[in-house]
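User: Please look at this model with me, and explain how each description follows from its definition.
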Amino acid sequence: MNTDVLICGAGAAGLTLAIDLARRHIPFVLIDQAETPFAGSRGKGIQPRTLEIFEALDVADRMIAAGGYYPAQRHYAADGSYRDEASIAANAATPAEPYGQPLMLPQHLTEGILRARLAELGHAPRYGHALTGFEQSDCAVTARVTSAAGEIVVRARYLIGADGGRSLVRKTLAIDFPGESLNARAVVADLSLSGLTRDVWHRWGSGSKQISLCPLQGTELFQLQMPIPLDGAFDLSDAGLAAVIAERTGRPDIQVHAVHWRSDYAMSARLAERYRVGRVLLAGDAAHVHPPTGGQGLNTSVQDAWNLGWKLAAVLHGADDALLDTYEAERRAIAAEMLGMSTQLLDAARQRGDLRRGREQQQLDLGYPDSSLSLDERNDDAPLRAGYRAPDAPCVGAGGQPLRLFSLLKSGDWIMLRYEPDANVTPSIAPRRSLRIVTVGQHAELRDQENHLRTAYAFTPGDIALLRPDGYLAALSHDEHSPVLKEYIDRLVR
Ligand SMILES: Cc1cc2nc3c(=O)[nH]c(=O)nc-3n(C[C@H](O)[C@H](O)[C@H](O)COP(=O)(O)OP(=O)(O)OC[C@H]3O[C@@H](n4cnc5c(N)ncnc54)[C@H](O)[C@@H]3O)c2cc1C
């Protein structure tokens with residue numbers, strides 16, 4: 001079997017990449033060794049930046065409709081009294097940031113919505129297909145995949161290892177995975193139970209006796225989380241979990257009716273030395289693992305795939321293969337920061353027995369200003385720089401219809417904004433595939449009626465902002481005839 005891209009692993013990273021490639025009409029095959037989709041709640045927090053990406057992939061509204069927001073935490077004292085505390089920073093939406101707070105949606109529902117979107121685009125993961133090995137040459141990767149029907153050989157131009165923390169792809173490439181074991185082990189389980197309200201996230205105890213039961217939005221279930229001893233077997237049976245809930249909460253009125261999914265895991269923080277070897281790249285947990293405290297894993301995995309999708313498509317359409325090197329340069333630095341932050345939050349959770357997430361966890365301030373792809377020609381002290389996340393802005397189309405800048409990103413194209421150019425200036429960049437040139441002005445196709453664009457982008461008349469297909473600012477310039485800008489576009493836009 002021949003294809004352009006073989007994606008190994010249909011978790012959040014693999015599914016996101018598959019949707020992006022499907023909408024770009026890039027041939028790919030998506031495999032997963034599991035016989036059926038993952039069924040647990042695990043990564044239940046979708047951060048505002050990921051919601052923006054899911055909006056571009058046309059799934060954000062479905063996810064918001066299927067899930068809900070985080071409730072306050074209720075901390076119980078030994079005598080049964082309690083105090084409530086907000087755990088998650090929640091802001092009102094602003095013109096530049098349309099999603100002010102994280103969404104809670106159990107991971108299996110998130111992945112189900114991603115699979116539905118993929119089906120709409122004419123694709124599906126092949127479950128029961130395990131990658132068992134591969135070799136690569138200068139022009140292709142030859143992969144062996146086993147399924148109930150026997151072994152299939154897949155020849156692909158690129159292989160993406162989105163195969164989770166124990167990644168066979170990473171191990172086959174002999175990529176080091178340095179880091180540390182965090183001396184923490186925990187249980188996570190999805191339960192139906194009675195005796196608790198669903199309006200707060202219930203927490204008891206401290207240190208090794210902590211336990212929390214969080215109402216899982218979009219379901220009738222609660223997610224149990226608790227630390228357990230590092231060594232030895234832990235009783236994960238229905239009766240075993242019911243007994244430990246009774247012991248740690250001191251609440252005989254909490255009755256467990258069924259355990260729908262359960263897992264125990266040891267926490268570590270590790271980062272792959274490299275994200276790329278030749279025609280093989282790693283994405284998601286295959287490249288980084290860390291404690292779940294910051295609610296970052298699924299989000300970072302989705303954003304890896306989002307960074308990679310358009311670059312793969314551009315290279316397959318003729319852009320220089322070196323564009324793929326910027327994937328590691330941009331995403332590995334982000335993961336390194338995130339590992340440190342999640343580990344600090346784990347330490348705080350161990351000490352205080354609670355969970356606090358703020359602006360830093362929302363991933364809206366992440367960007368790539370130091371990337372070789374970031375071209376800043378404005379050289380002024382405007383707060384927005386090339387490489388930053390491109391802000392949203394409510395505008396009006398020439399016909400008077402309201403339109404958000406982010407709606408343009410759904411095309412998957414680069415967007416070049418010409419802000420109030422002199423009427424006598426003709427565009428210097430010729431139309432081409434994957435580039436949308438949008439003129440903003442009082443008599444132009446896009447109107448900045450409330451000055452949201454001007455404010456967010458610090459535009460002055462004649463300015464250019466070039467947005468990457470993943471919604472980061474590629475270039476900012478006062479001069480649309482800049483030869484450097486033209487060379488940039490000629491080299492990268494495919
Ligand atoms: C308790 C807990 C809470 C969490 N909370 C959050 C949270 O609030 N927010 C958040 O962002 N993240 C959270 N996470 C982390 C999140 O679940 C992971 O980061 C996320 O699942 C990573 O997605 P992925 O696609 O990279 O990998 P995975 O989801 O691990 O998917 C990898 C896939 O690859 C397949 N695979 C593996 N090997 C092969 C092979 N050889 N051939 C074919 N297929 C293969 C597997 O079957 C699997 O389906 C949490 C995790 C835990 C444990």
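Analyst: A polar contact is a pair of N or O atoms within 3.5 Å; within protein, one must be able to donate a hydrogen and the other to accept it, and residues adjacent in sequence count only if both atoms are side-chain atoms. The model is predicted, so local features need pLDDT of at least 70 and side-chain atom pairs 80 or more, while totals for chains, interfaces and linings use all residues. Residues are numbered from 1 along each chain as its sequence is written, and side-chain values use heavy atoms, without hydrogens and water.

User: What makes the pair between Gly 45 and the ligand a polar contact?

Analyst: A backbone N or O atom of Gly 45 lies 3.2 Å from an oxygen atom of the ligand, which is within the 3.5 Å limit, so the pair is a polar contact.

User: Which side chain has an N or O atom 2.8 Å from an oxygen atom of the ligand?

Analyst: That side chain belongs to Asp 285, and because 2.8 Å is within 3.5 Å, this pair is a polar contact as well.

User: Why is the chain called as compact as a globular protein of its length?

Analyst: The chain has 11 helices and 27 strands (DSSP runs, H or I of at least four residues for helices and E of at least two for strands). Its radius of gyration, taken over C-alpha atoms, is 24 Å, close to the 23 Å from the globule rule (2.2 Å times the number of residues to the power 0.38) for 494 residues, so the description holds.

User: How many of the residues are buried?

Analyst: Buried residues, those under 20% relative accessible area (1.4 Å probe, protein chains only), make up 56% of the 494 residues in the chain.

Technical notes:
Buried means under 20% relative accessible area, exposed over 50%, partly exposed in between (1.4 Å probe, protein chains only).
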